[in-house]
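Q: Please take a close look at the salt bridges in this model and walk me through the parts of the chain they sit in. I would like one connected picture, with the neighbouring helices and any enclosed space included.

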Amino acid sequence: MFKGSMPALVTPFSNGELDLDTLKRLVEWHIDQGSTALVPVGTTGESPTLTHDEHETVIAEVVKTAAGRVPVIAGAGSNNTVEGKRFVQFAAEVGADAALVVTPYYNKPTQRGLIAHFTELHNCADIPIVIYNIPGRSVIDMTPATMGELAKLERIIGVKDATGDIARVSQQRASCGADFIQLSGEDATALGFNAHGGVGCISVTANVAPKLCAEFQAATLAGDYALALEYQDKLMPLHEAIFIEPGLVGAKYGLSKLGLCSEEVRLPLTGLEDSTKAAIDAAMAHAGLL
């Protein structure tokens, strides 16, 4: 159900408020461009600076607009288990196809705490859960052994792996089984990730280049790694340029160049330096987007 190129959607703003009209247009555009699923309200969707009501509004609007044409994996993570349960239950209520649940950040639980946290969220609603393992942001790294324990639960179906460690895919195949869905959360290494057994990417770059990212993913899933490498060569400068500063800011700038979204972000994030804009411009031109 979950494979291919899945944009980690930005959340558009206008004068500090949610811009739902633009959000709906982005959903339509991504579907038209070949994205195979949509992931609202992850970190790229500025979840840290959305209110709970805004968080839920964005999920509901994306589910409604997608209307079953592609799956929606709703961001539902928190470092507060009670709050996480609220978001998981909401995602289930509005018809999202899965919930993306990040490892709890800042409070640094043990591996035993991770198992307890994800078990609570698993048990709170009838919706599949994708673990989001991103130690660079959350500080905690879920080990393959811990993931293997959680994979025994019926609705823990996969992982968004943003470790950048391609060997993890093979390790997690051993601990979780070959049917456990492994999605890259790191654009630059998605080629190797899929070669090791991954089946897709929850992508920041796909905000700006959804068609290229979808075609790249399709090539890897068809086993055509020569063609995939051609796409990688087109996309690699954009992967790098978007992340010179926080990736969502780069993604919004790229979308603004395409006339699809404003650059507006919420503090503590700020607009890009001119040098970063120039790098993204050059990378978009290299990819044939400008």
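A: Happy to! One cut-off comes first: a residue is called buried under 20% relative accessible area and exposed over 50%, with partly exposed in between. Please also keep in mind that this is a predicted model.

Let's start with helix α9, residues 210–221, which holds both E215 and K211. These two residues are 4 positions apart, about one turn of the helix. Their side chains meet in a salt bridge, with an N to O distance of 2.6 Å. How accessible is K211, by the cut-off above? K211 has a relative accessibility of 42%, so this residue counts as partly exposed. E215 is partly exposed as well, with a relative accessible area of 27%. Elsewhere, salt bridges with shared partners tie D53, E56 and R86 into one network. In total, the structure holds 14 salt bridges.

Helix α9 also leads us to an enclosed space. Of the 3 cavities of 30 Å³ or more in the structure, the largest holds about 60 Å³ of space. Its lining is made by S5, D187, A190, C201, S203, C213, F216, Q217, L235 and H239. Two or more of these residues come from each of β9 (200–203), α9 and α10 (225–242), and α9 gives the most, with 3 residues. By class, the lining of this largest cavity divides into 5 nonpolar, 4 polar and 1 charged.

The second largest cavity has about 40 Å³ of space. Among the residues that line this second cavity are A8, V39, T44, Y132, K160 and I202. The class count there is 5 nonpolar, 3 polar and 1 charged.

From α9 we can step across to helix α1. The buried residues of α1 pack against α9, and also against β1 (4–7), α2 and α11 (247–257). Which residues of α1 are buried? They are T22, L23, L26, V27, W29, H30 and I31. The helix has 14 residues and reaches 20 Å from its first C-alpha to its last, close to the 20 Å expected at 1.5 Å a residue. Just after α1, G34 takes a positive phi of about 105°.

Helix α1 carries a salt bridge of its own, between the side chains of K24 and E61 at 3.7 Å, N to O. This pair links distant parts of the chain: K24 is in α1 (residues 20–33), E61 is in α2 (residues 52–66), and the two are 37 residues apart. Recall that α2 is also among the elements that the buried residues of α1 pack against. K24 has a relative accessible area of 32%, so K24 is partly exposed, whereas E61, at 17%, counts as buried.

A last pair rounds off the tour. The side chains of R155 and E154 meet in a salt bridge at 3.6 Å, N to O. Is each partner buried or exposed? R155 counts as buried, at 17% relative accessibility, while E154 counts as exposed, at 68%.

Note on methods
Residues numbered from 1 in each chain as written. Predicted model: local features only at pLDDT ≥ 70, side-chain atom pairs only at ≥ 80, totals over all residues. Heavy atoms only, no water. Salt bridge = Lys/Arg side-chain N within 4 Å of Asp/Glu carboxyl O. Buried < 20%, exposed > 50% of the residue type's maximum accessible area, 1.4 Å probe, protein only. 1 Å grid on protein atoms, 1.4 Å probe; cavity = no way out; pocket = protein on both sides within 12 Å on 5 of 7 lines; lining within 4 Å. Points joined across faces, edges and corners; volume = space filled by probe spheres on them. Nonpolar A, V, L, I, M, F, W, Y, C, P; charged D, E, K, R; others polar. Expected span 1.5 Å × (residues − 1). Contact = heavy atoms within 4.5 Å.
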